[in-house]
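Here's a quick briefing to read with the structure open beside you. Take it one topic at a time and try to spot each feature as you go.

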Amino acid sequence: MSQKLYENDYFYIEKENALIPWVKIFTQKPYKELSDCDPMTQEVLLKAMLVVEETMRFYYNPKKINIAMFGNYIPHLHIHVMARFEEDSHFPESMWGIKQRESNLHLPSFDNFVTILHDKLRS
């Protein structure tokens with residue numbers, strides 16, 4: 001089971017089990033598509049995505065942030081947000097693509113990232 005990192009009335013954030021910083025933002029209600037959401041949920045969800053992106057950029061200083069919305073296997077609207085590094089195992093491929101190398105990233109504490117993220121999401 002995934003680790004829930006944050007939750008409010010509109011969405012919750014889970015940690016993806018990966019070697020890179022990677023979270024998924026799920027709507028509380030089981031919407032299938034972003035256009036199914038009411039306007040407030042859309043606004044809050046997209047704002048949360050931007051807060052996660054900005055926090056990852058500030059905290060990890062990645063080469064790139066990847067954001068994806070698929071839902072082919074899990075038809076519950078969610079957004080993947082990943083910090084990518086040239087030295088990660090799949091870069092420049094997607095994390096669902098072909099592994100390019102073994103990775104030995106030395107990154108700051110994910111727990112500290114979560115603490116900063118909490119503060120930013122609450123403000």
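What follows is a tour of a sheet, two helices and a few residues in the loops. Keep in mind that this is a predicted model. The centrepiece of the tour is an open sheet of five strands with antiparallel pairing, and both α1 and α2 pack on that sheet.

**The sheet**

- Going across the sheet, the strands come in the order β1-β2-β3-β5-β4.
- At the edges you'll find β1 (3-7) and β4 (64-68), and each of these pairs on one side only.
- From one strand to the next, the twist averages 25 degrees.
- As a bit of background, strands in a sheet pair through backbone hydrogen bonds, and they can do so in a parallel or an antiparallel way.

**Who pairs with whom**

- β2 and β3 are antiparallel partners, held in register by five bridges, and a hairpin of six residues links β2 to β3.
- To find that pairing on screen, look for Y12, whose bridge partner in β3 is F26.
- β3 also pairs with β5, again antiparallel and over five bridges; here V23 has V81 in β5 as its bridge partner.
- β4 and β5 (residues 78-84) run antiparallel too, joined by five bridges.
- In that last pairing, I67 has V81 in β5 as its bridge partner.

**A closer look at β3**

- Is β3 mostly covered or mostly open? It's mostly covered: six of its six residues are buried.
- In a regular strand, side chains alternate between the two faces of the sheet.
- In β3, W22, K24 and F26 point one way, while V23, I25 and T27 point the other way, and all of them are buried.

**The two helices**

- α1 (residues 39-60) and α2 (residues 110-122) pack with their axes 10 Å apart, at an angle of about 135 degrees. That angle is why α1 counts as oblique to α2.
- The crossing of the two helices, α1 and α2, is right-handed.
- Which residues of α1 meet α2? They are A48, V51, V52, T55, M56, Y59 and Y60.
- On the α2 side, the contact involves F110, N112, F113, I116, L117, K120 and L121.
- Sort the residues of this contact by type and you get 11 nonpolar, two polar and one charged.

**How the helices sit on the sheet**

- β4 and β5, which are joined by five bridges, are among the strands that α1 touches; the others are β2 (11-15) and β3 (22-27).
- The direction of α1 makes about 170 degrees with that of β3.
- α2 touches β1, β2 and β3, and its direction makes about 25 degrees with that of β1.

**Loop residues to look up**

- S89 lies in the loop between β5 and α2. Its relative accessibility is 7%, so S89 counts as buried.
- Leaving out residues up to four places away in sequence, S89 touches M95, K99, Q100, R101 and S103.
- S89 and F113 are 24 residues apart in sequence, and their C-alpha atoms are 21 Å apart in space.
- P92 is also found in the loop between β5 and α2, and a cis peptide bond joins F91 and P92, with omega at about 5 degrees.
- N61 lies in the loop between α1 and β4. Its phi is near 50 degrees, a positive value in a residue other than glycine.
- Is N61 buried or exposed? Its relative accessibility is 64%, so N61 counts as exposed.

Terms used. Residues numbered from 1 in each chain as written. Predicted model: local features only at pLDDT ≥ 70, side-chain atom pairs only at ≥ 80, totals over all residues. Heavy atoms only, no water. Axes fitted to C-alpha atoms, helices over the stretch in contact; angles between N-to-C directions. Helix = DSSP H or I, 4+ residues; strand = E, 2+ residues; numbered from the N terminus. Parallel < 35°, antiparallel > 145°, perpendicular 65-115°, else oblique. Left-handed = near helix turned anticlockwise from the far one by under 90°. Contact = heavy atoms within 4.5 Å. Nonpolar A, V, L, I, M, F, W, Y, C, P; charged D, E, K, R; others polar. Pairing = 2+ DSSP bridges. Buried < 20%, exposed > 50% of the residue type's maximum accessible area, 1.4 Å probe, protein only.
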